[in-house]
Amino acid sequence: MMQTLIAAALRLAETLRDENEALATLDFSRAAVLAAAKIQAADGFAAAQAACQKADAAFDQAEREVAIRLAEAIESLTRDNRAALERAIALQSRVIETIAGAANNAARRAGGSYGAGGHAAGPYRAPSLALSARL
């Protein structure tokens, strides 16, 4: 029974690692697909853990050592995942702001908007945006 819990923990760790890699390379479409897999892996882990608790199952010494390493890995991967998701959300917000600013500028140009002194309003200048991905 504890092997089922370890297998579920391994699946969760692998899914988190894959999603973190996708987010690090700004592959947001792959990360979105992996989000569903991450939820399934987390649900599978929770179900395996509940089944072990219900059966009052315990790790033997070798399983305990594996479980400790897995718990540490999942904790680290989860921290990294949270940071990567926060970066992705911040980047998405910046992209949306830039697109909205460009659309606003286009609407002003099309509407014949004028600035101070009767001169045509200057072009919208979007805030600087830099993207970087390690491959």
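What separates Glu-75 and Arg-79 in helix 3 (residues 61-110)? The two are four residues apart in that helix, which means that about one helical turn lies between them. In this predicted model, the side chains of Glu-75 and Arg-79 form a salt bridge, with 3.5 Å between the closest N and O atoms. Arg-79 counts as exposed, at 52% relative accessibility, because the cut-off for that class is over 50%.

Helix 3 also holds the pair of Glu-86 and Arg-82. Here, too, the residues are four apart, and so about one helical turn separates them. Their side chains meet in a salt bridge at 3.3 Å, taken from N to O. As for the surroundings of this pair, Arg-82 is exposed, with a relative accessible area of 58%, whereas Glu-86 counts as partly exposed at 46%.

A further salt bridge joins Glu-19 to Lys-38, and its closest N and O atoms are 2.9 Å apart. This pair links distant parts of the chain: the residues are 19 apart, with Glu-19 in helix 1 (residues 2-24) and Lys-38 in helix 2 (residues 28-54). Are these partners buried or exposed? Glu-19 is buried, its relative accessible area being 2%. Lys-38 has a relative accessible area of 17%, and it therefore counts as buried too, since the limit is under 20%.

Altogether, the count for the model comes to three salt bridges. Glu-75 with Arg-79 is one of them, Glu-86 with Arg-82 is another, and Glu-19 with Lys-38 completes the set.

Methods
Residues are numbered from 1 along each chain as its sequence is written. This is a predicted model: local features need pLDDT of at least 70, side-chain atom pairs count only at pLDDT 80 or more; totals for chains, interfaces and linings use all residues. Side-chain values use heavy atoms; hydrogens and water are left out. A salt bridge is a side-chain nitrogen of Lys or Arg within 4 Å of a carboxyl oxygen of Asp or Glu. Buried means under 20% relative accessible area, exposed over 50%, partly exposed in between (1.4 Å probe, protein chains only).
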